[in-house]
Amino acid sequence: YGGVGRDIFNAERTIWDSTPGSNRLNTYRYFADVGYKKKISNFYSFSANATYNGYMQKSIISYQPAKFQSNDLLLEYTNFINPYKNLNIVLGGLANNISGVGVGKDYIALGIPEIEWVASYQDLRWALYLQADYTIMNRLKLIGGAQLNKAPGIKTDIVPRIGLIFNATEEFGFKLLYGEAYKYAAQFERYANLKNSNLFGNPDLKRELVSTFDAQIFYQKPSFQLSAAYFNSTQRDLVYLKDAKIDVDFQVKRVQRFDNLNSSLLFYGFELEGKWLPIQQIIFSGSYSFQNNKNGEGSTNNTPISNHMLKTGISYTHPIFSLGFYNSYFSKPTTIITEKTTINNPEPTAFNIASLNGNLEINKIFNLKTRTQFTLNCFINNLWDQKIYVPEYSRRFINSIPSFGGRSFLIGVAVKL
């Protein structure tokens, strides 16, 4: 209304411990966003957003309490400048304030005080960004930009983005894109202090960096689309758990501590994708992708990610309802077993995840003559109720862990005022 938009979301989830009668955690998530957009002229407009993300996880067992909470407030302002027809410029900045703490008891015993499992923290991060694109003769678009990032304890860095999109004809074209992105270490990775589990954070962690090159060729018509893409992505300074010796309560202990990986990790592969509309109401879609990865020492398949992925789907749209069926196939992941790994669970294998979703337009079914629109949504995930296990890649104490829950049903109502 009047250029102002807002979204509010709240969710709650209960997690049961695997040991009968032991602890239980309730998880709460909160989200709110308020935005304002304004067009000043044909050459200039702007947007402003304030976004809040809240998270809390707490135990309901009084003799072993645990509580983790975080608050994330993001303020962003963006300028959209169009000095002349073929040139678009985006210039903006953001500030992100993050705070939180995690407290609990290492031992189930009366009289043992709570300690900070995740030390209290408050970080102010900010970024400035600039991007421009210029179109030549309605065929070639050139893209260039950069983002400057700063967080406490980490030096200022700049990540670039460049690319071009060429449309040889109305149906055929190709894209070449290169970009870099960053990720700051999570607060748990920096400040964890779980003495009972011998797990500790590292406040000196560097940010993770990924640089990606994409090349895509595409052909599209109103009734079908085809594309083929190659990708090459290098990740540096990844955060992982490392065996280390540190001083804990005046004693040197062997623990697990977060650290940055000294070598890089390269992902490369290709993807084929297509879509076909035999009639306007029916869409067949599918894609196949292959990936491999290699670390700095030349070793391949170092992650539990499947090498082959195949996705298929069909959807039907009617004025009163819509229905879609989708299936994703993942090949057997790499087995990651070390001398400290115990075989407690089934070995990971190839698996399928199928889903079914549908929508019903309530106003049209019951011929409701109101401005308010009601839509009934239904979603079924893991339709075949498969039991899916993946390698326990983080600590590798056990061979595998469950990856997906069983068949689940979600029903909701969307109301558009």
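Trainee: Which residue's backbone oxygen does the side chain of Ser400 reach?
Mentor: Bear in mind that this is a predicted model: local features need pLDDT (the predictor's confidence in each residue, from 0 to 100) of at least 70, side-chain atom pairs count only at pLDDT 80 or more, and totals for chains, interfaces and linings use all residues. Numbering runs from 1 along each chain as its sequence is written, and side-chain values use heavy atoms, with hydrogens and water left out. The pair you want is a polar contact (N or O atoms within 3.5 Å; within protein, one able to donate a hydrogen and the other to accept it, with residues adjacent in sequence counting only if both atoms are side-chain atoms). At 2.7 Å, the side chain of Ser400 reaches the backbone oxygen of Pro346.

Trainee: Is Ser400 buried or exposed?
Mentor: Ser400 belongs to strand E23 (residues 400–402), where strands (E, at least two residues) and helices (H or I, at least four) are DSSP runs numbered from the N terminus. Its contacts (heavy atoms within 4.5 Å), leaving aside neighbours within four places in sequence, include Asn345, Pro348, Tyr389 and Glu392. The cut-offs are under 20% relative accessible area for buried, over 50% for exposed and in between for partly exposed, using a 1.4 Å probe and protein chains only. Ser400 has 0% relative accessibility, so it counts as buried.

Trainee: And which residues does Pro333 touch, neighbours within four places in sequence aside?
Mentor: Pro333 is in the loop between strand E19 (321–330) and strand E20 (351–361). Its relative accessibility is 5%, which means it counts as buried. Once those neighbours are set aside, Pro333 is in contact with Pro304, Ser306, Pro348, Thr349 and Pro391.

Trainee: How far is Arg139 from Ile165 in space, C-alpha to C-alpha?
Mentor: Arg139 is in the loop between strand E6 (115–136) and strand E7 (140–151), and its side chain reaches the backbone oxygen of Ala168 at 3.2 Å. Because its relative accessibility is 37%, Arg139 counts as partly exposed. Beyond its neighbours within four places, Arg139 is in contact with a run that includes Ile165, Phe166 and Asn167. Arg139 and Ile165 are 26 residues apart in sequence, and their C-alpha to C-alpha distance is 8.0 Å.

Trainee: Over how many bridges does E9 pair with strand E12?
Mentor: Two strands pair if DSSP finds at least two bridges between them. Strand E8 (residues 154–167) and strand E9 (residues 172–183) manage 7 bridges in the antiparallel sense, and a hairpin of 4 residues joins E8 to E9. On that pairing, Gly163 has Leu177 in E9 as its bridge partner. With strand E12 (residues 208–221), where Lys183 is matched by Glu208, E9 is also antiparallel, and the bridge count is 12.

Trainee: Which strands stand at the edges of the 4-stranded open sheet?
Mentor: The order is E10-E11-E15-E14, with mixed pairing. Each edge strand has a single partner, so one side of it is left without a neighbour in the sheet; these strands are E10 (193–194) and E14 (239–248).

Trainee: In that sheet, which residue of E15 stands opposite Leu199?
Mentor: In general, strands of a sheet pair through backbone hydrogen bonds, either parallel or antiparallel. Strand E11 (residues 199–200) and strand E15 (residues 251–260) are parallel, over 2 bridges. Opposite Leu199 in E15 is Gln256.

Trainee: In which strand is confidence highest?
Mentor: The protein averages a pLDDT of 88, and 91% of its residues score at least 70. Go easy on residues 16–21, where pLDDT stays under 50 and the model has 5 contacts beyond four places in sequence. Confidence is lowest in strand E1 (residues 4–16), at a mean of 55, whereas the highest, at 97, belongs to strand E18 (residues 308–317).

Trainee: What share of the protein's residues count as buried?
Mentor: Overall, the secondary structure comes to 2 helices and 24 strands, and the C-alpha trace spans about 70 × 50 × 50 Å along its principal axes. Among contacts between residues at least 6 apart in sequence, 55% join residues at least 24 apart. Of the 417 residues, the share that count as buried is 30%.
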